[in-house]
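Visitor: Before we start, could you show me what we're looking at? I'd like to know how each label gets earned.

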Amino acid sequence: MNLNFFMQNLINALQWGSFYALIALGYSMVYSILMLFNFAHGDIFMVGAYIGLGVSLVLLKIVGSGAAALVPGWVVLVATILISMFLTAFVGIIVERVGYRPLRDAPRASAAITGLMIGIILETSNILFLGGQRLAFPQLIESQTYNLGGVFITNKKIMIVLVSIGLMTTLHQFVTRSRWGMAMRAMAYDFVVVPLVGVPLNTIAVMTFAIGSALAAAAGILFGLAYPVLDPYMGVSFGWKAFVAAILGGRGSIMGACIAGFMLGFIEIMTVPGIQIVNRLFELNIGSNLRDLIAYSIVLAILVFRPHGLFGEPYSAKLRL
Amino acid sequence: MRKGLLLMVTLIGLGLALSPAAGAANDVIRLGFPIPLTGENPDVGASSKNAAEMYLKQVPTVVVAGKTYALKFVYEDNEFKAESAVKAITKLITEEEVLGVIGPQASAQAVPAGEVANNYATPMISPWSTNPNTTLNRPYVFRGCFLDPFQGPVAANFATEEFGAKKAAVLYDIASDYPKGLAEFFKQAFEKIHGPGAVVAFESFTTGDKDFSAQMANIVASGADILFTPQYYSEVPLIVRAAKENGFSKPIMGSDSWGSGDLMGLCGDDCKGLFFSTHYAAAGAQGATKAFIDQYSAAYGKTPDDVAALTWDSLGLMIQAIQNTGGLSGDIKADRTKVKDALAAIKDYPGITGKMTFTPEGDPIKCAVVVKINDQGQFAFHKSVCP
């Protein structure tokens with residue numbers, strides 16, 4: 001494996017990992033506050049992508065597209081991301097209000113399956129309203145491919161990785177520096193006692209769902225730019241894998257979820273050239289389709305040696321950085 | 001009341017007089033069409049009937065060994081259902097006493113109907129059915145289109161002739177029958193031309209995957225001259241995108257699955273300039289194909305689809321076979337077998353979807369059409385490629 005080839009895969013892995021990281025954050029935050037996993041989160045990612053599709057089509061209609069556009073494409077893109085994050089946050093709030101708040105005192109298992117059911121409801125309503133056929137995500141910015149000495153990189157890949165890291169940094173600042181962030185950390189420390197000192201649990205829970213969903217929406221739009229075919233079930237396997245990243249990072253750890261997301265992307269992408277090398281060395285004929293089998297066996301092995309994840313601590317789920 | 005009765009009697013009498021069984025004269029050749037005029041897919045039936053009616057208008061009579069016969073077509077609705085298809089073809093053969101059958105179109109109806117046609121020793125051509133079982137071990141059953149596996153050699157030949165490709169890459173979904181089969185057939189055919197190991201990257205994924213960047217990096221590193229990807233319209237845009245972003249600037253080619261669904265709506269500019277093999281292309285057609293398309297468009301106000309074109313050719317084949325029998329005896333059973341033998345013996349029939357010769361199994365050896373997606377996003381005829 002020469003250097004160029006490695007760099008090419010590394011760049012691809014960075015982009016792929018960005019999506020896992022952004023979605024894993026939503027799982028991690030909700031878990032740290034409410035001690036449960038929101039299994040509808042993968043489908044909120046899907047809803048975010050579709051909302052982004054709708055918003056961008058409306059915006060394109062208003063400002064026009066191509067040479068006659070009133071504003072350049074990136075302005076539309078930024079507006080699409082912000083508006084969709086805002087709208088998808090409300091989807092998250094509704095999910096919390098309908099699916100989780102009424103069950104807050106119910107057994108854990110009941111709260112866990114509500115997420116699955118809400119996920120199915122979101123998928124099937126999408127089919128109901130949009131007919132279930134694949135939709136193309138409008139390419140708001142012109143795709144440019146740069147050749148850096150044999151390594152190919154696109155403007156979109158750079159943008160996706162930078163925007164993801166930017167959003168994660170913003171979240172980090174919010175949680176560490178702001179009063180609300182402090183309230184979230186306190187709630188994560190103990191959601192029974194902290195409300196007694198006047199921090200409203202419902203507000204914090206709503207905020208957590210809203211932030212997680214907004215990040216998922218951003219991931220959905222970035223995903224639409226990179227992989228412009230949307231389908232109602234796009235969030236299912238993606239959600240599961242991001243969930244793996246959240247656990248791998250250490251439950252409740254923001255930094256852990258980010259790093260584990262990128263790591264998962266790296267393992268998945270690098271498995272393919274890895275298979276090729278093994279094939280060449282041992283004259284085997286293993287197909288690239290075994291990527292997930294091998295990648296997730298590696299994840300399993302990591303968990304065997306670090307059962308609490310990369311940044312997890314035993315018996316603790318508090319929101320850490 | 002009496003007037004009504006009289007009218008009824010007259011109508012029945014008229015019906016009897018005009019009904020085909022009553023007037024089954026020797027100088028009429030009757031062909032049956034068990035096609036879906038209603039049901040889930042009436043468009044298929046409409047296309048078949050349109051093509052047949054147009055043919056009848058153009059060729060109302062046929063001369064067989066000096067004797068002139070009038071052509072007569074009988075349409076039976078198969079409702080796009082297997083049971084109805086069996087009923088329809090049985091009625092056509094036993095009651096309408098047709099000499100031959102064109103249809104059914106889809107494999108779901110053509111497979112059971114083929115069984116009936118073969119049992120009654122009546123020649124049948126299914127224009128559109130691609131399932132191998134339609135004609136398998138049925139000497140009386142033929143088809144008008146090529147089978148799925150056939151496109152592998154077509155793509156391999158095209159890549160070799162058109163691009164001078166010596167090394168090829170394949171990217172396919174290993175969990176889906178059609179792409180998997182076709183990928184393997186392509187590999188076999190390409191390595192037969194260029195020697196073992198000529199397929200330098202044989203990359204797979206599983207249904208639902210969205211990211212192909214890692215496979216594409218392998219493909220780029222393998223130094224392949226062409227990428228063959230027999231995938232569906234929803235995956236092609238993502239594959240093409242991954243190729244562009246990872247610096248794969250060589251040609252990309254696909255199979256007839258590209259043509260189903262809204263490929264251009266999803267893929268946009270990325271897919272322009274790419275190639276795929278299929279049955280027939282309306283845009284950019286020439287010669288007899290163009291004449292057919294122009295006539296059809298003028299008559300029905302729409303471009304003929306592959307069903308219409310293949311029906312036209314199947315009908316042409318049947319008529320050609322009837323003429324080749326060298327005379328009909330008037331004994332319908334003997335004549336049917338004669339037509340079957342003549343069909344099997346046809347060499348290089350010049351159809352609008354390509355030249356056709358039947359294998360002993362009743363499947364045509366014909367050239368596929370390679371389509372280039374032009375700058376307007378149309379699937380334009382590029383080249384006819386033979387196996």
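Guide: Let's begin with one yardstick: a residue is buried if 20 or more other C-beta atoms lie within 10 Å of its own, exposed if 12 or fewer, and partly exposed in between, with C-beta atoms placed from the backbone. Keep in mind that this is a predicted model, where local features need pLDDT of at least 70, side-chain atom pairs count only at pLDDT 80 or more, and totals for chains, interfaces and linings use all residues. Residues are numbered from 1 along each chain as its sequence is written, and chains are lettered from A and ligands numbered from 1 in the order in which they are written.

Visitor: Which residues of α5(B) are buried?

Guide: They are Gln151(B), Gly152(B), Pro153(B), Val154(B), Ala155(B), Ala156(B), Asn157(B), Phe158(B) and Ala159(B). The name α5 comes from DSSP runs numbered from the N terminus: helices are H or I with at least four residues, strands are E with at least two.

Visitor: What span should the 13 residues of helix α5 of chain B have?

Guide: The expected span is 1.5 Å times one less than the number of residues. For α5 (residues 151–163) of chain B that gives 18 Å, and the end C-alpha atoms are 17 Å apart, so the two agree. Right after α5(B) comes Gly164(B), with a positive phi near 60 degrees.

Visitor: Why does Thr278(B) count as buried?

Guide: Because Thr278(B) has 23 C-beta neighbours inside 10 Å, it passes the mark for buried. Thr278(B) sits in strand β11 (residues 275–278) of chain B. Leaving out residues up to four places away in sequence, Thr278(B) touches Asp256(B), Gly259(B), Ala368(B), Val369(B) and Val371(B); a contact needs C-beta atoms, placed from the backbone, within 7 Å. Thr278(B) and Cys367(B) are 89 residues apart along the chain, with 9.7 Å between their C-alpha atoms.

Visitor: And why does Gly131(A) count as exposed?

Guide: Gly131(A) has 9 C-beta neighbours inside 10 Å, so it counts as exposed. Gly131(A) lies in the loop between α4 (108–130) and β1 (135–136) of chain A.

Visitor: What makes β2(A) and β3(A) a pair?

Guide: Two strands pair if DSSP finds at least two bridges between them. β2(A) and β3(A) have four bridges and pair in the antiparallel sense, with Asn147(A) opposite Phe152(A) in β3(A). They form a hairpin with two residues between them, and Gly149(A) in the turn has a positive phi of about 55 degrees.

Visitor: Why do β12 and β14 of chain B stand at the edges?

Guide: The open sheet has three strands in the order β12-β13-β14 (chain B), paired antiparallel. β12 (349–351) and β14 (364–366) of chain B each have a single partner strand, so one side of each lacks a neighbour in the sheet. Strand β13 (residues 354–358) of chain B joins β14(B) through three bridges, and Met356(B) stands opposite Lys366(B) in β14(B).

Visitor: How many residues of chain A are in contact with chain B?

Guide: On chain A there are 22, in contact with 24 residues of chain B. α1 (3–34), β2 (145–148), β3 (151–154) and α9 (254–282) of chain A each supply at least two residues of that side, and α1(A) gives the most, with five residues.

Conventions: Two residues are in contact if their C-beta atoms, placed from the backbone, lie within 7 Å.
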